[in-house]
Structure formats: C-alpha cells, structure tokens
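Student: I would like to look closely at one part of this protein rather than at the whole chain. Please take me through how its pieces pack together and what spaces lie around them.

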Amino acid sequence: MVQQRSETSLESFMCEETIKVKPIRAKKDITMTRSVPLELTHLPWQDVIFQHILPRLSLKDLCRLRGTSNTFLHMFNDYMASCKRLDFTGFRVSDQGFRKVVENCENLQRLSMADCDWVTDALLMPVFRNNTSLIYVDLCRCKGLTGAAFQILVVKCKKLNTLLVGDCPWFSCGCWQVLILHQTQLQCINLSGCWNIDLETLEQFFQKFPQLKKVDMSKIEKLTDMHLYQLASHCPGLEVLNVSGCWRLTDQGLKKVVDYCPRLRVLNVMHCRRVTEQYLCSLLIGGINVVCGHSLTEMVKRRKSVNHLRINIQI
C-alpha cells in the first residue's frame, strides 16, 4: 500500500509539474514572437505592396527605395516585371539609370516620356520591343528621338489607343504612313505642332481611324477648313477637338465638325482669329464647352448689345 501511494504521489507530482511548465513555455513563446519587429517586406508583395503601395510612389521615390538594401532591390526588380504604368514625365536620369529601371519591364500598358528631351532611340527601342501590350504612349516634346524608335513602337505595339506626339519635330510623313499602315485602334491622338502634313495623308489617317474621340491638331498653321471637312466626314464619334493656333480656320470648317459630330463636347479655338464671336456664342448656347481665351459670358452680353448694329465681332 505504501509503495502504491508513493507511485500515485509521484504521478500526481509529475502531472502538477507538467501543468505548471506548459503555461510558462507558452508565455515564453508569445514573448519571443512579440519581440520580432514587423517590416514592410513582411507584407505580401504581389497582393499588397505591388497593388496598393508602390503604385502610389513617384518614380524618383521608387529609385531611392531601390538603393536602400538588397531586399528592396529585389522587390523593385520584381515590381518592374509586373508593372503596368511608368511615368518619366519631367524626370531626368542617366542612360544607365534608365536601363536599370526598365530592364525587367515586360508588361507595361502606359508609358509617359513627356518633356524628356534626353531620351534617345537607343534607350526606347528595347522598351517598345519588350512591352507589346502598350495602349498609351506619351512622347510629347521628346526632341531627341527620330522615326526609328517610333517605327518599332507602331509595328510591335498593335493595341495602341492613345498616342501623344505633340511638338515632336521628327514626326515626318514617313511616320504618318507607318502609323496608318500598322495601327487600327487609335482613339486619341495629339499631333500638336506636327507640321509635316498634307491633305491627302490626313484624309487617309481619318479614314483609317473613324473611331477617333480626341484629336489635338493645335499649332499646325497649314490646317484649313478642308482638313476639318475630312475629319468631320470620317470621324462622327469625335468628342474633343483642339485646333488652337490654327489661324486659317473659319466658321465654315468648325460648323462642318459640329454638324457631323453630334458627340462633340469640347472645342479649343484659342488664337483662331478668323472664327467669329457670333458663331462661338451659338456653340456656347448649344451646350459645347468652347475654349477661346475670352469670357464667354461677357461675349454673350456683348453680342446682345451689338446685335442691333449688325457688327461682326471677331476674336
């Protein structure tokens, strides 16, 4: 009996010791877990960081983050491999720095290089070759390019719907032809300041892209009413038209566009001195947002005050 009680006491003692030890170990584990700091890199990269954090950073901040550690360098490279939007607007970087940023890009859909007069054909051609899903490209005021990079873009990227090449002196008749030959889905085009144009080429362009919704042909002094006739005849879905600085245009050309394009809602005619104030007032009354550099409310009042004099005021 004594031996049996001793064994029972020993078993009870061991159970008591086990019960006491377990909470202590659990508490120790919890303490150790809490002592580990949570870092940005611990978050899911694809689902959280790439989707909700890095897209909110500017390109300059991304480059700074890239240089902080090897982990962030790896994160940056992985992000660029899946990145769909890249904006270099007004950002100056060395050739080597640009290549490091874009070397892993293969899924870009939107690329903005506006005001990057330092960029060259040699830098952009690999980007256009590797990112054939591009739908939006802004090359405005990229004066260091030639038609070589543009040809790669147009031939390789068949899904373009927005192309901005305003104030690009290299945009030649050859660029017009390759654009007409290889593209089919353009809806928005900026040709501001592209002087190398003729009526026949522009007519072919409008025929090829009847789905155009936004057209910027500002600062093209060769532009006449005949060009607007072609635009109105082939692009009935036009919504926004910018012809500021095209001083040869008259009321007749604009009237053709307004009559044939019922969806037109924005019309920029700044510095179009042959367009009369009387016609602009009629457009304003018709619900079109007219941009002309003058207060349209004052124009309407002034128009009413001189109507009885039959004076044709021009801007």
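Tutor: In this predicted model, α2 and α4 pack at an angle of about 80°, with their axes 11 Å apart; helices here are DSSP runs of H or I of at least four residues, strands are runs of E of at least two, and both are numbered from the N terminus. An axis is a line fitted to the C-alpha atoms over the stretch in contact, and angles between N-to-C directions run from 0 to 180 degrees. The two helices α2 and α4 are therefore roughly perpendicular to each other, a label given to angles of 65 to 115 degrees.

Where they meet, α2 brings W45, Q46, I49 and F50, while α4 brings T71, H74, M75, D78, Y79 and S82, contact meaning heavy atoms within 4.5 Å. By class, this contact of α2 with α4 has 5 nonpolar, 4 polar and 1 charged residues (Ala, Val, Leu, Ile, Met, Phe, Trp, Tyr, Cys and Pro are nonpolar, Asp, Glu, Lys and Arg charged, the others, Gly among them, polar).

Both helices also help to line the largest pocket, where α2 (45-53), α3 (59-66), α4 (70-82), β1 (85-87), β2 (110-112) and β3 (136-138) each give two or more residues. This pocket holds about 470 Å³ of space, and of its 21 lining residues P55, Y79, C83, K84 and R85 lie nearest the centre. Its lining is made up of 11 nonpolar, 5 polar and 5 charged residues. On a 1 Å grid over the protein atoms alone, a pocket is an open set of points with protein on both sides within 12 Å along at least five of seven lines, a cavity is a set where a 1.4 Å probe fits but cannot get out, and lining residues have an atom within 4 Å of a point. Points are joined across faces, edges and corners, and volume is the space filled by probe spheres set on them.

The count comes to 1 cavity of 30 Å³ or more, and the largest cavity contains about 30 Å³ of space. L54, L62, L65, R66, F72, M75 and F76 line this cavity, with α3 and α4 each supplying at least two of them; its lining divides into 6 nonpolar, no polar and 1 charged.

Residues are numbered from 1 along each chain as its sequence is written. Local features need pLDDT (the predictor's confidence in each residue, from 0 to 100) of at least 70, side-chain atom pairs count only at 80 or more, totals for chains, interfaces and linings use all residues, and side-chain values use heavy atoms, without hydrogens and water.

How values were computed
Parallel < 35°, antiparallel > 145°, perpendicular 65-115°, else oblique.
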